[in-house]
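This report describes selected local features of one protein structure. Backbone geometry comes before strand pairing, helix packing and salt bridges.

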Amino acid sequence: MKRSHWVVAFLIVVGGFVGFQQYQSWSLNKPQGNSAATTEGGSQRGAGGGRSREAVPVLVATAVQKAVPVQIRAVGNVEAYTTVSVKSQVTGVLQQAHFKEGQDVKKGQMLFTIDSRPLEAALKQAEANLARDAAQLKNLQEQVRRYAELVDKQYVSREQYDQIKTNADAAESVVDADKAAVDNAKVQLSYCYIYSPVNGRVGSLLINEGNLIRLNDGAPLVVINQINPINVTFAVPEQHLADIKRHMAGGTLKVDARFQSDEGRPEQGVLAFVDNAVDRSTGTIRLKAEFTNNERRLWPGQFVNVAVTLTTQGDAVVIPSEAVQVGQDGQHVFVVKEDKRVEVRPVTLGSTSEGVAIIAKGLAVGEQVVREGQFLLGPGSRVEIKDSTKETAESTGEGKKGRADGGRRDKAKADAKRGES
């Protein structure tokens, strides 16, 4: 009897454990009321045209036809038209610098004076040697004249006459050498006065007055840069070389230079130089443009944005460059149809210049394209065209200011009502 009680008790425990496990599993898998409501509500929203079918706010632009320059753009470096490193050609003490650092100088203007006393003494010595040898030459020439008469009368031998003639010729050569020495001494003396070889602007004075300057010193006295006119060098990919050569054959190509921090009027110049070889390491060709630089906006060492204008396309269809998108099938735009739905249309891009894209194929004049908000669009999406002027006002803070003023007025009204109550 006791054994049967134990068996019954064991069966009750096992059955209770199994039942508890089944109840727990059923409670975890039981659909909740809120979930069902959510599912039902989601189905209703989907059936009623949910958010996926709501109009997407976008900004649009209209394709227009206008003349657009065809340009090649690059980053260029400004270089002085002429750079002169002024060095001394004689050894001496620097007595005076006749300019201030950063000053504009003219061609032929005196820059430096070097102690000239040693060279003046050398010049006087050379002139004295010339005078001595010239006097000796005069005496020998007189002897030649007298011996010529005597040899004709056979009072002296021909050999004596030839000796006197040889001495006179040698003395004449010595005089010529003395004249050359005098000229050289004058040239050396002129090196004590250094003049500017070009019109330009001087830099820092690298050697101060009172220092001993030696011939063939490595460091220059000063560096002069000619900045009127001035050059800008830049490199473009070699595939543009054929177009550049073709358009250069038809006339001078204009070049614009813009600054990174200056959106105003660019400096205008002309293309003056095309290098005679393509750089094999980079695959680019080096070009140089010349600018008059009358306002001196360009300065040696600056980096500028360069645009070479090859030609002007008069009937180009253009849209803002941000309207062009790139997908798996290439470049495309979202065209807004009359029913406010968009069409994904592939286009062929001509070039991009200053935020404007030239459409060679795929778009007609007057069609509207989406320029902002494309990431929410797909084929056939409905759009809501926003007013770009309102967007601009909000971005500049006017919209925020209006909302802040309205909030202050609402708060004042609420405070007045509380006071009346």
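Asn216 is exposed in this predicted model, with a relative accessible area of 69%. The residue is found in the loop between strand E8 (212-213) and E9. Its phi is near 65°, a positive value in a residue other than glycine. Arg296 likewise is not a glycine and has a positive phi, of about 55°. Arg296 lies in the loop between strand E12 (284-291) and strand E13 (303-320). With a relative accessibility of 29%, Arg296 counts as partly exposed, because its value falls between the limits of 20% for buried and 50% for exposed residues.

A further backbone feature concerns a proline. The peptide bond that leads from Asn228 to Pro229 is cis, and its omega is near -5°. Pro229 belongs to strand E9, which covers residues 222-237.

Strand E8 also takes part in a sheet. Strands of a sheet pair through backbone hydrogen bonds, in either a parallel or an antiparallel manner. Here, an open sheet of four strands follows the order E6-E5-E3-E8, and its pairing is antiparallel. Strand E6 (193-195) and E8 are the edge strands, each pairing on one side only. The antiparallel pairing of E8 with strand E3 (residues 92-97) extends over two bridges. Val93 has Leu212 as its bridge partner in E8.

The next topic is helix packing. Two packed helices are described by the angle between their axes and by the distance between those axes. For helix H3 (residues 117-152) and helix H4 (residues 158-190), the angle is about 160° and the axes are 8 Å apart. H3 and H4 are therefore roughly antiparallel to each other, since angles over 145 degrees are assigned to that class. The contact of H3 with H4 comprises 22 nonpolar, six polar and nine charged residues. H3 passes H4 in a left-handed crossing.

Salt bridges complete the account. A search of the whole structure finds 13 of them. The table lists three examples with the separation of their closest N and O atoms.

| Salt bridge | Closest N and O atoms |
|---|---|
| Asp133 with Arg132 | 3.2 Å |
| Arg297 with Glu267 | 3.2 Å |
| Arg371 with Glu322 | 2.6 Å |

In the salt bridge of Asp133 with Arg132, Asp133 counts as buried at 7% relative accessibility. Its partner Arg132, at 46% relative accessibility, counts as partly exposed.

Arg297 forms a salt bridge with Glu267. Arg297 is located in the loop between E12 and E13, and Glu267 in strand E11 (residues 262-279), so this pair ties together parts that are 30 residues apart in sequence. Glu267 counts as buried, with a relative accessibility of 7%.

A salt bridge also joins Arg371 to Glu322. Because Arg371 lies in strand E19 (residues 368-372) and Glu322 in the loop between E13 and strand E14 (325-327), the pair ties together parts that are 49 residues apart in sequence. Arg371 counts as partly exposed at 34% relative accessibility, and Glu322 counts as partly exposed at 35%. In addition, Lys337, Glu343, Arg345 and Glu367 are joined into one network by salt bridges that share partners.

Key:
Residues numbered from 1 in each chain as written. Predicted model: local features only at pLDDT ≥ 70, side-chain atom pairs only at ≥ 80, totals over all residues. Heavy atoms only, no water. Buried < 20%, exposed > 50% of the residue type's maximum accessible area, 1.4 Å probe, protein only. Pairing = 2+ DSSP bridges. Axes fitted to C-alpha atoms, helices over the stretch in contact; angles between N-to-C directions. Parallel < 35°, antiparallel > 145°, perpendicular 65-115°, else oblique. Left-handed = near helix turned anticlockwise from the far one by under 90°. Nonpolar A, V, L, I, M, F, W, Y, C, P; charged D, E, K, R; others polar. Salt bridge = Lys/Arg side-chain N within 4 Å of Asp/Glu carboxyl O.
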